[in-house]
There are 2 protein chains.
Amino acid sequence: MEIPAKTVFYTIERTIKTYRRFSKQNFSKVVNDITVDQKLILQYLNDRPELSQNEIAELVFKDNASLTRMIELMVRKRFLKRSIRPEDRRRFNIELTSKGKEILEKLTPVIAENRKRAFAGITEEELAQLQLTLNKILTNLNHT
Amino acid sequence: MEIPAKTVFYTIERTIKTYRRFSKQNFSKVVNDITVDQKLILQYLNDRPELSQNEIAELVFKDNASLTRMIELMVRKRFLKRSIRPEDRRRFNIELTSKGKEILEKLTPVIAENRKRAFAGITEEELAQLQLTLNKILTNLNHT
DNA sequence: TATTTATAATTGATATATCAAATATATGAA
DNA sequence: TTCATATATTTGATATATCAATTATAAATA
C-alpha cells in the first residue's frame, strides 16, 4: 500500500519517539525526574570521567550549548558535581555524586528490560540488518 | 576520539537527526526559514484543508501545545492564514497563503532529491524490511 | 615576549517538547 | 432548559535544540 521511501523517515521518527516515551515511563517507576539523555550522560561519565562537555555532546549527538545547560541542570539536581581542571582551566572535571551513581544503578536493569521488550520476537540478524541499513543511510547523508 | 558501542536506538536517533540536518541545509538553498516539520504541516494542510490542529498534531506526532505555537509562527510568517470555523467555533480553518503554496512547490522536488540521496544504493526490499522491523518494535512498545 | 589563533564553555535569542492547568465552545443527559 | 462532561485550543513553566556571538584560557608563532 504505502511506498516505503516516502514513509521510512516517518516510521523512524515515530519509533524513536515512542521508545523515548516508553523509557521515560519506565524510568519514572524507579527514579524521579530523569530523562533518557540524562541517563546516557551519567553512563558516559561513569565509564569515562575524563570526558569534556564537548566530547559528551558529540557522544550523545547534541549541541555544546545544550550540554552546558543539561550539565548545569544535572548539577542543580545533585546528580553530578563539577570542578575546574587545573591542567586546563577551560575544562571541567565532572563526577557522579553518590546520588548519581545510585540512579545509574537503579536504571541499568530498566534499560535492559526496555530493550528486551522493544526487541521481543526480533532476531539478532534482523537487528543487525536494521543497523546495516541505517548505517548505509548515514553514510549516504554524510558523504554527499 | 573513539566511537562508543552503539545501540540500535542510538543509530536510529543518529539517523533521524542527520537526516533532519541534511534536509534543513537543502531546504535553505531554496527557501528561507522553514523547518522540516513546518514543511510537513504545509503538505498536510494543502492535501486536507479540513484538518484541525489536533489532527495535524497527531499526524506529525507532536503535542497539541507545540502545534498551537508552530501554527502561530507559520501564520506570523505568512505561510498560513487562519479563521474561526463557524460550524464549530472551537476550531479553525487553516489555509495556505500563496506564499505557503509557493514554498511547498519549491520544496517538493528538494524532498524527492533528499530521499533519493538518502536511499542511494538501497533497494525497495531493504527499505520495506527496515519498515517491517521498525513496525515490530512499535507494536512491541505499544502493546505492553 | 607579544600577538595571533585555537579550544572549551557559556550566553542570548528564538523555536520546539512536554505536562498540567485554563478557557471557550459543543454535546449529552437529567 | 440546565448541568455535567467532552472537545479544541491556548497558556504557563521548564527543558532542550540551534545558531551566532562572547569569554576565558591555552597553544602556536613571529
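Me: By what turn can chain B be laid on chain A?
Reply: In this predicted model, local features need pLDDT of at least 70, side-chain atom pairs count only at pLDDT 80 or more, and totals for chains, interfaces and linings use all residues. Residues are numbered from 1 along each chain as its sequence is written, chains are lettered from A and ligands numbered from 1 in the order in which they are written, and side-chain values use heavy atoms, with hydrogens and water left out. Superposed by least squares on the C-alpha atoms of residues with pLDDT of at least 70 in both copies, chain B fits chain A with an RMSD of 0.1 Å and a shift of 0.0 Å along the axis, after a turn of 180 degrees. That is the relation of a two-fold axis.

Me: Which residue of chain B has the C-alpha nearest the axis?
Reply: The C-alpha in question lies 2.9 Å from the axis. The residue is B:Leu130.

Me: Why can the copies be said to meet through the same surface?
Reply: Contact means heavy atoms within 4.5 Å, and 48 residues from chain B and 48 residues from chain A take part. The copies meet through the same surface because the interface residues of chain B that are also interface residues in chain A amount to 92%.

Me: What area is buried between chain B and chain A?
Reply: Buried area is the accessible area (1.4 Å probe) that two parts lose on being put together, summed over both. Carbon and sulfur atoms give 67% of the area between chain B and chain A, which is about 5300 Å².

Me: Which residue forms a salt bridge with A:Glu126?
Reply: A salt bridge is a side-chain nitrogen of Lys or Arg within 4 Å of a carboxyl oxygen of Asp or Glu. Four salt bridges are found across the interface of chain B and chain A. In the one formed by A:Glu126, the closest N and O atoms are 2.9 Å apart, and the partner is B:Lys136.

Me: Which residue has a polar side-chain atom 2.7 Å from a base oxygen of DNA strand D?
Reply: DNA strand D is surrounded by 24 residues (a heavy atom within 4 Å). Of the strand D atoms within 4 Å of the protein, 63% belong to sugar or phosphate and the rest to bases. A side-chain N or O atom of B:Gln53 is 2.7 Å from a phosphate oxygen of DNA strand D. The residue 2.7 Å from a base oxygen is B:Arg90.

Definitions and conventions: Polar contact = N/O pair within 3.5 Å; in protein donor to acceptor, adjacent residues only side chain to side chain.
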